[in-house]
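Here are a few short exercises to work through with the structure open beside you. Try each task before reading its solution.

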Amino acid sequence: MPPTAPDPSSGEQLPVRTAAVWAALDPLVGAGSALRVLDVGGGSGGFAVPLARLGHEVTVVDPSADALATLERRAQNAGVGARVRGLQGDGDQLHELPLGGTGDDGGGYDLALCHAVLEVVDDPATTLREITRALRSGGQVSVATANRAGAVLARALSGHPKEALALLEDRDPAPGRTRPARRRFGPADLLALVEDAGLTPGEWRGVAVVADLLDASSGADPAAVRRLELALAAASPYRDVATGLHVLATRP
Ligand SMILES: C[S@@+](CC[C@H](N)C(=O)[O-])C[C@H]1O[C@@H](n2cnc3c(N)ncnc32)[C@H](O)[C@@H]1O
């Protein structure tokens, strides 16, 4: 491991709101061996760069040329440009990309990330199947999505009861706009998608149970908020109303 590596579970340089995701990844990415990581929809490298700093080789697939340019700049600035590769493309067409690897099916990745992406892809089921195919047997995928219940409460608390009701009933909260609505998921939807892709899910967790509810001027100690997030992430009813959902799943 390079001496400059951040501790992903310390929260020191990483946002409190993703503490539960980093805590789930920690046993894998902090185990000491360099992993081949595929970050689908990894954007400008919020996960890819810290993972590369831990010594892992990260390939980011994203359709946004701007995001990939920022990723390259961030990776260079962090001194890990050689361990981060950006590929322009779609998560539901991974098989068309030069993913490389040693797998007989064009992948062989130890770990894939699919964070905040199933909300916007054309077809989440296809995307998860493509990711499964890119993993080695025994490889894992970290899936994070928006949580419908959290979105309902957020809309209601910000003074938008009609939109909250639309989200609750799985209707578009803003029909008529040109961009399609972002999808939201319930825990059962997410687990079913993961299983349908041929993956074995672990326990699901809530992401940002309180972080997004906290007033920025509250003065709360970030380390204490982080500890609280981790305590609430696996506990119902708190996880049920988190902003996001997370599950780690394994390719058999
Ligand atoms: C909300 S950002 C999430 C970025 C990153 N995964 C994270 O958690 O910080 C969504 C990302 O998905 C990318 N994206 C949009 N459509 C996609 C697709 N079809 N396949 C892969 N990525 C896509 C966007 O360009 C953007 O970078």
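**Exercise 1.** Which element gives the most to the lining of the largest pocket?

Solution. Keep in mind that this is a predicted model. Start with the space itself: the largest pocket holds about 890 Å³. Next, list the elements that give two or more residues to its lining: helix 1 (19-29), strand 1 (36-40), helix 2 (48-53), strand 5 (135-146), helix 5 and strand 8 (244-250). Helix 5 gives the most, with six residues.

**Exercise 2.** Describe the lining of the largest pocket by residue class.

Solution. The lining has 44 residues, and Arg17, Thr18, Ala116, Val207 and Thr243 lie nearest the pocket centre. Sorted by class, the lining has 24 nonpolar, eleven polar and nine charged residues.

**Exercise 3.** Is Asp170 buried or exposed, and which of these words fits Ala208?

Solution. Begin with the backbone: Asp170 is not a glycine, yet has a positive phi of about 60°. Ala208, also not a glycine, has a positive phi of about 60°. Asp170 sits in the loop between helix 6 (161-168) and helix 7 (187-196), while Ala208 sits in the loop between strand 7 (205-207) and helix 8. Now apply the cut-offs, under 20% for buried and over 50% for exposed. Asp170 has 57% relative accessibility, so Asp170 is exposed. Ala208 has a relative accessible area of 2%, so Ala208 is buried.

**Exercise 4.** Find what kind of peptide bond joins Ser236 and Pro237.

Solution. Check omega, which is about 10°: the bond is cis. Then place Pro237, which is in the loop between helix 8 (222-233) and strand 8.

Notes. Residues are numbered from 1 along each chain as its sequence is written. This is a predicted model: local features need pLDDT of at least 70, side-chain atom pairs count only at pLDDT 80 or more; totals for chains, interfaces and linings use all residues. Side-chain values use heavy atoms; hydrogens and water are left out. On a 1 Å grid over the protein atoms alone, a cavity is a set of points where a 1.4 Å probe fits but cannot get out, and a pocket is an open set with protein on both sides within 12 Å along at least five of seven lines; lining residues have an atom within 4 Å of a point. Grid points are joined across faces, edges and corners, and a volume is the space filled by probe spheres set on the points. Helices (H or I, at least four residues) and strands (E, at least two) are DSSP runs, numbered from the N terminus. Ala, Val, Leu, Ile, Met, Phe, Trp, Tyr, Cys and Pro count as nonpolar, Asp, Glu, Lys and Arg as charged, and the others, Gly among them, as polar. Buried means under 20% relative accessible area, exposed over 50%, partly exposed in between (1.4 Å probe, protein chains only).
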